[in-house]
There are 2 protein chains.
Amino acid sequence: MYFSLLKMSVSIDNFLKAVYVLGIEEGKKVTGSALAARLGISSAGITDMSRKLSRKGIVDYSPYKEIVLTETGKLEALQVIRKHRLWELFLYKVLNMDMADIHKEAERLEHETSIELMHRLDEFLGFPQYDPHGEPIPSIEGLLPDESDLIPLVEVNEGMRVKIIRISIREKEVYEMFQHYGIKPGIKIEVIRLFDFDGSMEIRIKGEKLILPGSLVTLILCKEGKNVHYGDQ
Amino acid sequence: MYFSLLKMSVSIDNFLKAVYVLGIEEGKKVTGSALAARLGISSAGITDMSRKLSRKGIVDYSPYKEIVLTETGKLEALQVIRKHRLWELFLYKVLNMDMADIHKEAERLEHETSIELMHRLDEFLGFPQYDPHGEPIPSIEGLLPDESDLIPLVEVNEGMRVKIIRISIREKEVYEMFQHYGIKPGIKIEVIRLFDFDGSMEIRIKGEKLILPGSLVTLILCKEGKNVHYGDQ
DNA sequence: ATACAAATTTAAGCAAGCTTAATTATTTTT
DNA sequence: AAAAATAATTAAGCTTGCTTAAATTTGTAT
Ligand SMILES: [Mn+2]
Ligand SMILES: [Mn+2]
Ligand SMILES: [Mn+2]
Ligand SMILES: [Mn+2]
């Protein structure tokens, strides 16, 4: 079981999380400017923070080189992500908050959550493995559920029926779009046809046919089979 | 309905709360050193903050004079207290946290709670009026429940049966003491005898007699009658 | 290979929220 | 009323997490 030894701050935790999500979850190169954009601070601020965290042994960094989390840094990032996603699930399922609002709230609560509170929340929620967006909740040890059976919607063959597991969105407008179509994790759809030329896709959802633009299709991860829900997906 | 216009910080909110609780709830004089002690910062820090908040119109202050909340400052303080006490109730009743731990947790969560989250929490808890310590939860408008029927345990006559409403404690050791005796808000006791010479008191609680030291007796507020619980006390 | 563009670092500086030490004001005691 | 004690303020300085602007390094295109 991991317990943070160093004293972290809101800024540090958000920084570590950004490095983790950008590099590991999104598989992108962790450049200074990408971090700057994501965190909404200047590149100079990124350099500052990188040097500071490097001294603390939380990231590996030398000038002009890529920023990489150390094992300690990675565990800390996973712990913050765990708190974030537990809160999101709580806000959505227990307090019935709007899907579009929970991220912003969790972004703040994640920094004020003791280990004890995290445990109680986990227990109250029934030791969930996924948040309402379908993102995996890291365990206390920093482990993630196996996801080898998840497939991008783009790769699903015509005629197949799949369950939507995860929709990766940041923008509020896009939420409303998905919400309008009734598309969310847990919902089953049938792929009718994929239009290769622009990646858009015709699907059947709750009996109705509709065409999803390619920009939305790429945001969706699916799974064959049917008996999964968030919380115990 | 009150909405904060100025941007507050953790330090400012804690400061305002300290002024409110010290002055209004505890009825003490709001001196710089009392605030310094309560907030764990230096007197110089108090002077700094007082001048800053005075400029913002949140407190009335001039050098060497007492610090007083303006109407704005008082409403802001009450809003923070509201969030604090809603969280305490949630942590205690919903997440089953230890009574001795909830204050510290709420002390941090209170600063990261949006109006929307506060509302949802309030609704989920059933629009409670009291926190687990028996402290009143201010309404969104900054109003407090009527407490004219509350009497200090010291003033209860021998032979009377009363319900414990509120126990004002900060120290963890004292919690454990009360817990050991089974004394908490909602519990009914009978006053057998008051020992005037040291303020200690013999009571009957759940059939058993015990002598409460004067130092504990003064921390307890009671009510005659019986059908009150926390949450809807 | 050179030149240009893009990314990153350095330098200087700012605000918040503190600190300690010295000074001044107020209150209490004699 | 003067002296002593207590409380509050001022002054100077520190850390964190930022900023902007200038300098430098790296990557890209010709
Ligand atoms: Mn999120
Ligand atoms: Mn955050
Ligand atoms: Mn409390
Ligand atoms: Mn607080």
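Along the chain, the donors of the manganese ion (ligand 1) follow the spacing H-x3-E-x14-H. In this predicted model, the residues behind that pattern are A:His84, A:Glu88 and A:His103, which coordinate the ion through NE2, OE and ND1 respectively at 2.1 to 2.2 Å. Because A:His84 belongs to helix 4 (residues 71–94) of chain A while A:His103 belongs to helix 5 of chain A, the pair ties together parts that are 19 residues apart in sequence. A:His84, with a relative accessibility of 6%, counts as buried, whereas A:His103 has a relative accessible area of 33% and is partly exposed.

A second manganese ion (ligand 2) has protein donors from A:Asn14 (OD1), A:Glu107 (both O and OE), A:Glu110 (OE) and A:His111 (NE2). The donor residues of this ion are spaced N-x92-E-x2-E-H in sequence. A:Asn14 sits in helix 1 (residues 10–25) of chain A and A:His111 in the loop between helix 5 (99–109) and helix 6 (115–124) of chain A, so this pair joins parts that are 97 residues apart in sequence. Both A:Asn14 and A:His111 are buried.

The two sites are set side by side here.

| Ion | Donor residues | Donor distances |
|---|---|---|
| manganese ion (ligand 1) | A:His84, A:Glu88, A:His103 | 2.1 to 2.2 Å |
| manganese ion (ligand 2) | A:Asn14, A:Glu107, A:Glu110, A:His111 | 1.9 to 2.4 Å |

Helix 1 of chain A also packs against helix 3 (residues 43–56) of chain A, at an angle of about 95° and with the axes 11 Å apart. Since angles of 65 to 115 degrees count as roughly perpendicular, the two helices, helix 1 and helix 3 of chain A, are described in that way. The contact involves A:Ser11, A:Ile12, A:Phe15 and A:Leu16 from helix 1 of chain A, and residues of helix 3 of chain A including A:Ile46, A:Met49 and A:Leu53.

Elsewhere in chain A, six strands make up an open sheet with antiparallel pairing, in the order 3-8-4-5-6-7. Its edges are strand 3 (151–152) and strand 7 (208–212) of chain A, each of which pairs on one side only. Within the sheet, strand 4 (residues 161–167) and strand 5 (residues 188–195) of chain A pair over three bridges in the antiparallel sense, and A:Lys163 has A:Lys188 in strand 5 of chain A as its bridge partner. Helix 7 (residues 172–181) of chain A lies across strands 4, 6, 7 and 8 of chain A, running at about 155° to strand 7.

Finally, the largest nonpolar core contains 87 residues, and A:Leu153 and B:Leu153 have the most contacts inside it. Among the residues that B:Leu153 touches are B:Val162, B:Ile189, B:Met201 and B:Cys222.

Notes
Residues numbered from 1 in each chain as written. Chains lettered and ligands numbered in written order. Predicted model: local features only at pLDDT ≥ 70, side-chain atom pairs only at ≥ 80, totals over all residues. Heavy atoms only, no water. Donors = N, O, S within 2.8 Å, 3.2 Å for Na, K, Ca; no water. Helix = DSSP H or I, 4+ residues; strand = E, 2+ residues; numbered from the N terminus. Buried < 20%, exposed > 50% of the residue type's maximum accessible area, 1.4 Å probe, protein only. Pairing = 2+ DSSP bridges. Contact = heavy atoms within 4.5 Å. Axes fitted to C-alpha atoms, helices over the stretch in contact; angles between N-to-C directions. Core = buried A, V, L, I, M, F, W, Y, C linked by side-chain atoms within 4.5 Å. Parallel < 35°, antiparallel > 145°, perpendicular 65-115°, else oblique. Lists of a residue's contacts leave out its neighbours within four places in sequence.
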